Amino acid sequence: MRLLIVDDEPVIRKGLVKMVDQKRYSITEIRTASNGEQAIEMLREAEADIVLTDIRMPKMSGLELCEHIHQHYKHIQMVVISGYDDFAYAQKCVTYGVKHYLLKPLTSADLNKIIGDLIDQRGNEVISLSPYLAWIERAEQSIWLLHEQELDSLNSYWIHMIETSSLNAAQLNTLIQDCLGLLKGRLQEKGFEAQTIPLTNSTPRTKAEIIQYISQYLQFLYDELTKQRTGYYKNPLEEIKMYIDEHLAEDISLVEVAEMAGFTPTYFSAMFKKMSNETFVKYRIKTRMIKAKELLAIPHIRIVDIAATVGYEDYPHFAKMFKKTTGYTPSEYRQMIGIK
């Protein structure tokens, strides 16, 4: 357990350090800062589990420090120290997740009771999956599309999170198991039923084992899906493009195509651009113009009918898009290829 004490008075900082019963609460490190700015720099170097801060300080107040911690280090628990005159001001910190206040003058008993309560709460806290839902979604899509490079990037995210996390191994293991369980469930909904995953460390006990567990789990899902698809699997991008090609006359939207392919619109848009080097809209326009050229080469088909066939009921709009794409109007293009 790591504690950071923030106060602009050196004597008070030293007094607070002496008050803390380090052995009783297994506190491995106590650091001190003279103001909010210094505290933020120290948190960047090494995160704390509990921050104990005064309200009135130069450069950056305790209230501003609590706001920063709330935005960037939601897992850090905060305790605010205030005098009676500052208490109403200190209560504003409640919007930043502060639930504990200590009024001056402090006693050792009061301080250690608060620290003990915070440690007990930390041991019993429920870890929310909500911050990791975006990762789960990206992992699902990457495995489904067999994007190994993207999967490696997502694995690196977990390695960094675990190495820098203040959660203990048991808490991290619970978080990882829930995330990977949800990932497996989402893939099952798509029709991919993975076999029993042969992992050497079924119950990781250290951060290093947890990192190994995640890598093995993701790699197994990737390899298993690859094996299941051998011989009859079509590239998702090719299926999507085929669907677009077959529905040129319809005004299909990105949302519709994403739903057809089983992706969220946001992910589908980013994935399509990454895989094809162009946006969905640009690809659809390009495909329509290629088809229009093919039809314009057939003399007996009217240009207005060609426009409708490739999805443009409004002929002027078609003519404008055709010229923007090819540099010619439909009539000029026909003349250029020898059709009058």
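Here is a short conversation about how some labels on this predicted model are reached.

User: What should I keep in mind about the model?

Analyst: It is a predicted model, where local features need pLDDT of at least 70 and side-chain atom pairs count only at pLDDT 80 or more, while totals for chains, interfaces and linings use all residues. Residues are numbered from 1 along each chain as its sequence is written, and side-chain values use heavy atoms, with hydrogens and water left out.

User: Happy with that! Why is aspartate 49 called buried?

Analyst: Buried means under 20% relative accessible area, exposed means over 50%, and partly exposed lies in between (1.4 Å probe, protein chains only). Aspartate 49 has 3% relative accessibility, so it counts as buried.

User: What makes aspartate 49 and arginine 2 a salt bridge?

Analyst: The rule asks for a side-chain nitrogen of Lys or Arg within 4 Å of a carboxyl oxygen of Asp or Glu. The side chains of aspartate 49 and arginine 2 meet at 3.6 Å, N to O, so the pair fits the definition. Aspartate 49 sits in the loop between helix H2 (36-45) and strand E3 (50-54), and arginine 2 in strand E1 (residues 2-6), so the bridge ties together parts that are 47 residues apart in sequence. Helices (H or I, at least four residues) and strands (E, at least two) are DSSP runs, numbered from the N terminus. Arginine 2, at 24% relative accessibility, is partly exposed.

User: How many salt bridges does the rule give?

Analyst: The count comes to nine. Among them is the pair glutamate 41 and arginine 44, at 2.6 Å, N to O. Both lie in helix H2, three residues apart, about one turn of the helix. Glutamate 41 is partly exposed at 41%, and arginine 44 is exposed at 53%.

User: How do you know that glutamate 294 and lysine 291 are about one helical turn apart?

Analyst: They are three residues apart in helix H13 (residues 280-296), so about one helical turn separates them. Their side chains also meet in a salt bridge, at 3.7 Å, N to O. Glutamate 294 counts as partly exposed at 45%, as does lysine 291 at 33%.

User: Which relative accessible area does methionine 289 have, and is it buried or exposed?

Analyst: Methionine 289 lies in helix H13 and has a relative accessible area of 2%, so it is buried. Its C-alpha atom is separated by 6.4 Å from that of phenylalanine 322, 33 residues away along the chain.

User: What makes a patch on the surface?

Analyst: Patches are made of residues with over 30% relative accessible area and no salt bridge; like charges are joined within 9 Å, and nonpolar side chains (Val, Leu, Ile, Met, Phe, Trp, Tyr) within 5 Å. Lys273, Lys282, Lys320 and Lys324 gather in a patch of positive charge. One of these is lysine 320, in helix H15 (residues 315-326), which at 61% relative accessibility counts as exposed. Tyr328, Met336 and Ile337 form a nonpolar patch, with about 260 Å² of accessible area together. Methionine 336 is in helix H16 (residues 330-336) and is partly exposed at 44%.

User: How many disulfides does a search of the whole structure find?

Analyst: Zero. A disulfide would be a pair of cysteine sulfur atoms within 2.5 Å. As for individual cysteines, cysteine 66 is buried at 0%, and cysteine 179 is buried at 1%.

Definitions and conventions: Accessible areas come from the Shrake-Rupley method with a 1.4 Å probe; for residues, only the protein chains shown count as cover. Lys and Arg count as positive and Asp and Glu as negative; His and the chain ends are not counted. The place of a charge is taken as NZ of Lys, CZ of Arg, CG of Asp or CD of Glu.
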